[in-house]
2 protein chains.
Amino acid sequence: MQIAFLVFDRFTALDVIGPYEVLTRVPDAEVRFVAPQPGPVNTEDGAFALVARHGIEDVDGPEVVVVPGGAGKADVMSDAATLAWLSRAQETARWTTSVCTGALILGAAGILRGRRATTHWAFHDELAPYGAESAHERMVVDGNVVTAAGVSAGIDMALWLAAQLTDDTTAQAIQLAIEYDPDPPTDAGSPANASEGVRALARSLS
Amino acid sequence: MQIAFLVFDRFTALDVIGPYEVLTRVPDAEVRFVAPQPGPVNTEDGAFALVARHGIEDVDGPEVVVVPGGAGKADVMSDAATLAWLSRAQETARWTTSVCTGALILGAAGILRGRRATTHWAFHDELAPYGAESAHERMVVDGNVVTAAGVSAGIDMALWLAAQLTDDTTAQAIQLAIEYDPDPPTDAGSPANASEGVRALARSLS
C-alpha cells in the first residue's frame with residue numbers, strides 16, 4: 001500500500017509529519033516522500049531540509065496522497081508537471097488528501113472543482129476560484145478527496161484515514177502508539193474561540 | 001533566543017516536529033536542529049532524512065533544548081559527547097525538555113536524578129534506573145526540566161513553553177496559527193481508555 005507525501009521547497013513541516021507519523025504505522029504501508037525532483041527541500045523557515053528520496057517521476061499510482069501547505073505553495077501551484085502528477089494520481093488513488101493550504105494546491109490541480117473542501121481558517125476565501133465550496137470543518141470528505149483544516153488537523157484526518165485503510169482497532173492502536181490524547185493549554189485553536197487581537201496576531205504567524 | 005532541537009539517527013519525527021512548528025513561531029526564536037554531527041539523520045523508519053545544519057560542537061548555551069525519542073535513542077544514550085553536551089546545556093538553559101522516550105536520554109545524561117518525569121506510557125518503567133520518579137501525566141515540570149508524554153504530547157508542551165517564553169496572547173496566537181483545535185476520532189489516545197487488545201497492538205506500533 002503506497003502512501004505518497006508530497007513535499008516542496010518551503011512546505012509546512014507539521015502538515016506532513018503529523019499524518020506521516022500516523023500512516024507510517026499502518027501495517028503494509030510503503031511510505032514515500034515525493035518532491036518535484038528527488039533531493040532536499042527546505043521547510044518554511046529554512047531551519048532544516050527534508051531529503052525526499054523520490055521525484056514525481058518515480059511514484060506512480062499511490063493508494064494515498066497527502067499534500068501539505070506552506071509558504072512555497074505558489075511555486076507548486078504553477079508547476080505544470082507536479083499538478084499533472086497530482087491530477088493523474090487522484091484518478092486512481094483510494095484517497096487524495098490535503099492539509100492546511102495544501103487544499104489550494106489540490107485546487108490548482110483541478111481536483112476541488114464542484115467539491116466541498118476545507119483549509120486553514122485564514123485561507124478559506126482562496127478556495128472559491130478553484131470551484132470549491134468552502135466548509136469550515138476540521139476535515140471534509142467529498143468522494144475520494146479529503147481536505148483537513150490548518151496544520152495540526154492533519155493528525156485527526158490521518159487517524160480517520162487509518163481506520164478506512166485498516167480497521168477501528170488498528171486505528172485506535174495507532175492513536176495510542178502516538179499517545180494522541182490532546183490537552184491544549186487553551187481553546188484558542190479555533191478562530192471562533194479567539195479574540196480579534198489573537199486572530200490578527202495568528203494571521204501574521206500563519 | 002536560541003532553541004535547539006536534538007536529532008539523531010532513527011528519531012521519531014513528530015516528537016520534534018510538533019514542538020518545532022510551535023516554537024519556530026515564537027518571535028525572535030533562533031531555531032537550530034542539532035545532531036551529534038551535522039548532516040542528514042534518518043527518521044525511525046528511514047522514510048526520509050532530516051538534514052541537521054548544526055553539530056553539538058556548534059551550539060553552545062541554547063535557551064531551550066528539546067530532545068525527542070525514537071528507536072535510535074540507545075545510540076545517543078551511550079554517546080558520551082552528546083550526553084555531556086546535554087548535561088552542560090541543562091545547567092544554563094532556561095528550559096531543558098523531552099518528548100516521549102527522549103526522557104530516557106535526559107535520564108542517561110543524569111538530568112532526571114531526583115526529578116518527577118513523564119515519558120511514553122509504555123516506557124514508564126524505564127525511568128527509575130535514572131533516579132526519576134515516574135508520573136503518568138501529559139507533561140511534568142520539575143525545576144527547569146520539562147518532560148512530555150508520548151509523541152503528540154510535545155505539541156501541548158510546546159504551547160505551554162511558548163507562553164512561558166512570550167505571553168498568553170502570543171501562545172494563543174500560535175495555537176490558532178497551527179489551528180490546534182484537536183478532534184481525535186476516538187478517546188483511545190490514553191492507555192486508561194484503551195482495551196487490552198488495543199494496548200498490546202499499540203506497544204508493537206510504538
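The crossing of helix 6 of chain A and helix 7 of chain B is right-handed. Please keep in mind that this is a predicted model. The two helices pack at an angle of about 60°, and their axes are 8 Å apart. That angle makes helix 6 of chain A oblique to helix 7 of chain B. As for who takes part, helix 6 of chain A brings Thr169(A), Thr170(A), Gln172(A), Ala173(A), Ile174(A), Leu176(A) and Ala177(A). On the other side, helix 7 of chain B, residues 196-205, brings Val198(B), Arg199(B), Leu201(B), Ala202(B) and Leu205(B). Sorted by class, this contact has eight nonpolar, three polar and one charged residues.

Staying with helix 6 of chain A, residues 168-177, I want to point at Gln175(A), which has its place there. Is Gln175(A) buried or exposed? Its relative accessible area is 1%, so Gln175(A) is buried. Leaving out residues up to four places away in sequence, Gln175(A) touches Leu159(A) and Tyr180(A) in chain A, and from chain B it touches Pro184(B), Pro185(B), Thr186(B), Asp187(B), Ala188(B) and Gly189(B).

Next, the other helix pair between the chains. Helix 1 of chain A and helix 1 of chain B, residues 13-23 in each, have axes that come within 9 Å and cross at roughly 150°. Angles over 145 degrees count as roughly antiparallel, and therefore these two helices are roughly antiparallel to each other. Their crossing is left-handed. From chain A the contact takes in Ala13(A), Leu14(A), Ile17(A), Gly18(A), Tyr20(A) and Glu21(A). From chain B it takes in Ala13(B), Leu14(B), Ile17(B), Gly18(B), Tyr20(B) and Glu21(B). The residues here divide into eight nonpolar, two polar and two charged.

Now to how the chains are related. In general, two copies of a chain are related by a rotation about an axis and a shift along it. Here, a turn of 180° and a shift of 0.0 Å along the axis lay chain B on chain A with an RMSD of 0.0 Å. That is the relation of a two-fold axis. Which C-alpha of chain B is nearest the axis? It is the one of Leu50(B), 2.4 Å from the axis. Of the interface residues of chain B, 100% are also interface residues in chain A, so the copies meet through the same surface.

The last two residues are both in chain A. Ala148(A) is found in strand 11, residues 145-148. With a relative accessible area of 0%, Ala148(A) is buried. Sequence neighbours up to four places away aside, Ala148(A) touches Ser98(A), Val99(A), Cys100(A), Thr118(A), Thr119(A), Arg138(A), Met139(A), Ala153(A), Gly154(A) and Met157(A). Ala148(A) and Asp15(A) are 133 residues apart in sequence, and their C-alpha atoms are 9.5 Å apart in space.

Where is Thr101(A)? Thr101(A) lies in the loop between strand 7 (95-99) and helix 4 (102-108) of chain A. Under 20% relative accessible area counts as buried; Thr101(A) has 4%, so it is buried. With the same sequence neighbours left out, Thr101(A) touches Gly69(A), Gly70(A), Lys73(A), Thr119(A), His120(A) and Phe123(A). Thr119(A) is among the contacts of Thr101(A), and Thr119(A) is among those of Ala148(A) too.

Note on methods. Residues are numbered from 1 along each chain as its sequence is written. Chains are lettered from A and ligands numbered from 1 in the order in which they are written. This is a predicted model: local features need pLDDT of at least 70, side-chain atom pairs count only at pLDDT 80 or more; totals for chains, interfaces and linings use all residues. Side-chain values use heavy atoms; hydrogens and water are left out. Axes are lines fitted to C-alpha atoms, for helices over the stretch in contact, and angles run from 0 to 180 degrees between N-to-C directions. Helices (H or I, at least four residues) and strands (E, at least two) are DSSP runs, numbered from the N terminus. Angles under 35 degrees count as roughly parallel, over 145 as roughly antiparallel, 65 to 115 as roughly perpendicular and the rest as oblique. A crossing is left-handed if the near helix is turned anticlockwise from the far one by less than a right angle, and right-handed if clockwise. Contact means heavy atoms within 4.5 Å. Ala, Val, Leu, Ile, Met, Phe, Trp, Tyr, Cys and Pro count as nonpolar, Asp, Glu, Lys and Arg as charged, and the others, Gly among them, as polar. Buried means under 20% relative accessible area, exposed over 50%, partly exposed in between (1.4 Å probe, protein chains only). Copies are superposed by least squares on the C-alpha atoms of residues with pLDDT of at least 70 in both.
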